Amino acid sequence: MTPLSRRRMLAHALGAALLPLAGMPARAQGRYPSRPVKWLVPYLPATGPDMVARILAEAVGPFLGQPIVIENRPGAAGNIGTRAVAKSPADGYTLLYTGSPLAANMHIYKNPGYDALKDFRHVMRLSSSTVGLVVNADSDIHSLDDLLARLKARPGQMDYASGGVGTPSHLGVELFLSVTRTKAMHVPYKGASELVNALLGNQVTFGMPIFSAANPMIKAGKLRALAIAGARRNPVEPQVPTLAELGIPGVELTSFGGISVPAGTPDAVVETIYKAFSEALRQPKVVAALQENGGQVDVRDGAAFVQNIQQEMQLTAAMMKQLGLKPV
């Protein structure tokens, strides 16, 4: 056998041995996820949604097998970041932190830039948090009666902060004012963290932030909670009564957080995300961390989450009509 023939035989044998290995990269690339996953939070850092997302991102990474990287893209009550996810590839590598504004904005804005139902697959609801009437701890307003007395004595002169037009902190106060037949000036800020800072700085008289954003400052004794705008008391601050208990029924709002992905994301990818987050939310340390920040684990599957979003859209439309508010 000539040297050339031996080289050909050796090359053929080596090629045959490497054939099984040649297919391995293709199989690895097909597994989801094979690289870090981006979780876009369309709100400012240090807000309630941001804190929930960061707690969960750290916990979910090991179950997903890849790190989850948080990216904040705030603006327009969440519309800017939400639009970005709607236009992202439907491959599971860009998640959306889905807050209550996603549904509310469909009626608050003439053109939010997305369709809350058609442009997304809503994977699951993760958590919920109540909102409540809050003042600076140094304020001479110590109770709901104090606040109502001040509002009635100075109609339209007191001011309140919100996290932006159409957020639960805005609609909640407007509903409260409508039910109690009082008036106040609205001062919108860019997100819950700015709302809380405005209260801390005595820039406004009161506000109705979500507890996941305000609770650390309430616990620190820098803010005072007067009442909860929910069906029941918040287990994180059980001493704070509900508005209904104090004789103001009909003002109940809950802020929710969940995960959505672009429409068209494959079923297998959605299932992987759902399972990983579900496992993380069963961990006692995760439950405790969420509660410490004023939130509660409140899991609903994709179908139930869609119903939740539809209900929120209907509620917002009804509130807008009741309050005489027009889309902006």
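Which residues are buried in helix α9 (residues 211–219)? The legends below, written for a predicted model, take up this question in the second view.

**Figure 1. Overall view of the predicted chain**. The chain has twelve helices and eleven strands. Its C-alpha atoms fill a box of roughly 110 × 40 × 30 Å along the principal axes. Of its 328 residues, 51% count as buried. Among contacts with a separation of 6 or more, 76% are made by residues 24 or more positions apart. The chain exposes about 15000 Å², of which carbon and sulfur atoms supply 55%. The chain carries 32 positive and 23 negative charges, and the mean positions of these two sets are 9 Å apart.

**Figure 2. Helix α9 and the elements that cover its buried residues**. Within α9 (residues 211–219), the buried residues are F211, S212, A213, A214, N215 and I218. The cover over these residues includes the helices α3 (48–64), α8 (192–200) and α11 (284–292). It also includes the strands β4, β5 (132–136) and β9 (223–228). Just after α9, G221 takes a positive phi of about 80 degrees.

**Figure 3. Surroundings of S129 in strand β4**. S129 belongs to β4, which spans residues 120–130. With a relative accessible area of 4%, S129 is buried, because this value falls under the 20% limit. A polar atom of the S129 side chain lies 3.4 Å from the backbone nitrogen of F211. F211 is itself one of the buried residues of helix α9. Neighbours within four places in sequence aside, the contacts of S129 are I210, F211, S212, T254, S255, G294 and G295. S212, like F211, is listed among the buried residues of α9.

**Figure 4. The largest nonpolar core and the position of F176**. The largest nonpolar core holds 49 residues, and those touching the most other members are L133, L147, L151, F176, F206, L243 and V251. Apart from this core lies another of 32 residues, among them Y43, A59, V60 and L290. F176 is located in helix α7 (residues 168–180). Its relative accessibility is 0%, and F176 therefore counts as buried. Beyond residues up to four places away in sequence, F176 touches L133, L144, L147, L148, L151, M208, L243, I248 and V251. F176 and G250 are separated by 74 residues in sequence, yet their C-alpha atoms are 8.5 Å apart in space.

**Figure 5. Contacts of V251 in the largest nonpolar core**. With neighbours within four places in sequence left aside, V251 is in contact with G172, L175, F176, V179, A229, G230 and L243. Of these partners, F176 and L243 appear, as V251 does, in the list of core residues that touch the most other members. The contact between V251 and F176 also appears among the contacts of F176.

**Figure 6. Backbone geometry in three loops**. Most residues other than glycine have a negative phi, and most peptide bonds are trans. A cis peptide bond joins Y32 and P33, with omega about -10 degrees. P33 sits in the loop between α2 (24–30) and β1 (37–41). R181 has a positive phi, near 55 degrees, in a residue other than glycine. The loop that contains R181 runs between α7 and β7 (185–188). R181 has a relative accessible area of 78% and is therefore exposed. N202 also has a positive phi, near 55 degrees. N202 lies in the loop between α8 and β8 (206–207). At a relative accessible area of 49%, N202 is partly exposed, because exposed residues must be over 50%.

**Figure 7. D267 and its polar contact with R121**. D267 is placed in helix α10 (residues 267–280). With a relative accessible area of 55%, D267 is exposed, since the limit is over 50%. The side chains of D267 and R121 are joined by a polar contact of 2.7 Å. D267 and G324 are 57 residues apart in sequence, and their C-alpha atoms are 41 Å apart in space.

How values were computed:
Residues numbered from 1 in each chain as written. Predicted model: local features only at pLDDT ≥ 70, side-chain atom pairs only at ≥ 80, totals over all residues. Heavy atoms only, no water. Helix = DSSP H or I, 4+ residues; strand = E, 2+ residues; numbered from the N terminus. Buried < 20%, exposed > 50% of the residue type's maximum accessible area, 1.4 Å probe, protein only. Polar contact = N/O pair within 3.5 Å; in protein donor to acceptor, adjacent residues only side chain to side chain. Contact = heavy atoms within 4.5 Å. Areas by Shrake-Rupley, 256 points an atom, 1.4 Å probe, with all protein chains shown as cover. Lys, Arg positive; Asp, Glu negative; His and termini not counted. Charge placed at Lys NZ, Arg CZ, Asp CG, Glu CD. Core = buried A, V, L, I, M, F, W, Y, C linked by side-chain atoms within 4.5 Å.
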